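Let's take a walk through this protein together. Keep the 3D view open and turn it as you read.

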Amino acid sequence: MAKSDLIKADAYAAMTRTMNLGREFANQLAQTDDFLRPVIIAQALNELRKAIDADSLAILRSMENTPLGFRTDRADGYAEHVLRDCMIQAMLDGLSFAGNQWNIIAGNYYVTKEGWTQKLMRLGATGIVPFASLPDDCDVSEGTPNERGSKKYTVKMGAYAECWLAGEKFTSHMRAADGYDTRRMISAYGRDLAEAMSGIAGKAESTALKKLYYLCRGIPEPAEPEEAVSVIESEKMNTLTPVEAATDEQKMLYDKAREGLENASTQKELLEAWGAVNALKKSGSLTGDQVCQLTALKDLRKSVIK
């Protein structure tokens with residue numbers, strides 16, 4: 001049924017019955033230990049799949065890709081079987097179909113920043129605060145423009161989230177510290193980095209809130225599905241990445257770029273020298289470590305040159 005089709009009054013009654021059934025199962029899951037949860041989930045899947053009829057899906061479809069409903073990565077929306085299963089997941093999570101609490105990305109159910117905040121509130125958490133840190137230049141990778149003029153920016157993002165639960169403060173971190181790097185590689189499209197950063201920061205805060213939710217529950221955080229790679233491309237919790245070995249050509253280009261930054265005597269000359277570094281970075285002619293070193297040198301020279 002298309003969004004423009006008239007939804008009959010009986011459909012709202014059917015949707016209400018379905019949502020009440022979903023809420024019953026959500027409440028059961030909240031009171032069931034982890035050992036018996038699969039039984040409740042299996043029962044919920046079977047009963048809710050039968051309960052969600054064409055009328056219920058028509059109402060859900062009317063909220064798809066709307067500011068008041070939920071978003072997807074497809075302008076034409078998703079097939080009914082995808083909508084049905086994502087609808088069930090949202091109900092079992094206790095999330096609303098309104099308020100952008102969940103999305104459908106690459107055919108998968110994805111809980112947003114607003115959704116994780118709601119899930120934390122259902123646990124009884126208060127004072128929920130997420131924060132995404134700004135990345136360094138060497139942590140940003142810029143792709144080539146697509147047919148619409150947008151570029152894919154991939155950024156190694158740090159973030160944290162905190163809340164209070166039962167009188168105790170909980171904090172989750174995504175950072176490089178103590179020999180470990182728990183930052184996330186997150187991607188978004190934009191005409192420039194400033195435009196893409198809005199989506200990237202939102203995804204970073206969502207990830208930090210997800211970590212906080214599982215920290216509050218005291219259970220391991222599940223891995224992202226492979227299909228969600230367009231949302232969060234990878235998660236790394238290993239020792240700091242070893243320095244990438246530079247080729248002879250990269251060493252030569254690095255030395256030339258460093259010389260340009262060191263010899264700049266005015267802010268204009270420094271800007272031109274940095275433009276040459278950016279060109280090398282975009283073409284992949286420098287290693288990540290070389291870019292970081294040149295970025296530090298640029299900042300130092302900027303503070304010295306008057």
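In this predicted model, the largest nonpolar core has 55 residues, and Trp102 and Ile200 are the ones that touch the most other members. Which helix gives the most to this core? Look at helix H6, residues 193–217: it puts in 10 residues. There's also another core, lying apart from that one, with 13 residues. Ala264, Val277, Leu286 and Leu294 are among them.

Now find the sheet. Strands of a sheet pair through backbone hydrogen bonds, and they can do that either parallel or antiparallel. Here you have an open sheet of three strands, in the order S1-S2-S3, and the pairing is mixed. Strand S1 (71–72) and strand S3 (108–111) are at the edges with a single partner strand each, so each has one side without a neighbour in the sheet. Want to trace a pairing yourself? Go to S1 and strand S2 (residues 102–105), which run in the parallel sense and are joined over two bridges. One spot to check is Thr72, whose bridge partner in S2 is Ile104. Helix H4 (residues 80–92) packs on this sheet, where it touches S2 and S3. The direction of H4 makes about 145° with that of S2.

Last stop: Gly149, which sits in the loop between strand S5 (140–142) and strand S6 (151–157). Why does Gly149 count as partly exposed? Its relative accessibility is 35%, and partly exposed covers the range between the 20% limit for buried and the 50% limit for exposed. Finally, try finding Tyr189: it is 40 residues from Gly149 along the chain, and the C-alpha atoms of the two are separated by 9.7 Å.

Methods: Residues are numbered from 1 along each chain as its sequence is written. This is a predicted model: local features need pLDDT of at least 70, side-chain atom pairs count only at pLDDT 80 or more; totals for chains, interfaces and linings use all residues. Side-chain values use heavy atoms; hydrogens and water are left out. A nonpolar core is a set of buried Ala, Val, Leu, Ile, Met, Phe, Trp, Tyr and Cys residues joined through side-chain atoms within 4.5 Å. Buried means under 20% relative accessible area, exposed over 50%, partly exposed in between (1.4 Å probe, protein chains only). Helices (H or I, at least four residues) and strands (E, at least two) are DSSP runs, numbered from the N terminus. Two strands pair if DSSP finds at least two bridges between them. Contact means heavy atoms within 4.5 Å. Axes are lines fitted to C-alpha atoms, for helices over the stretch in contact, and angles run from 0 to 180 degrees between N-to-C directions.
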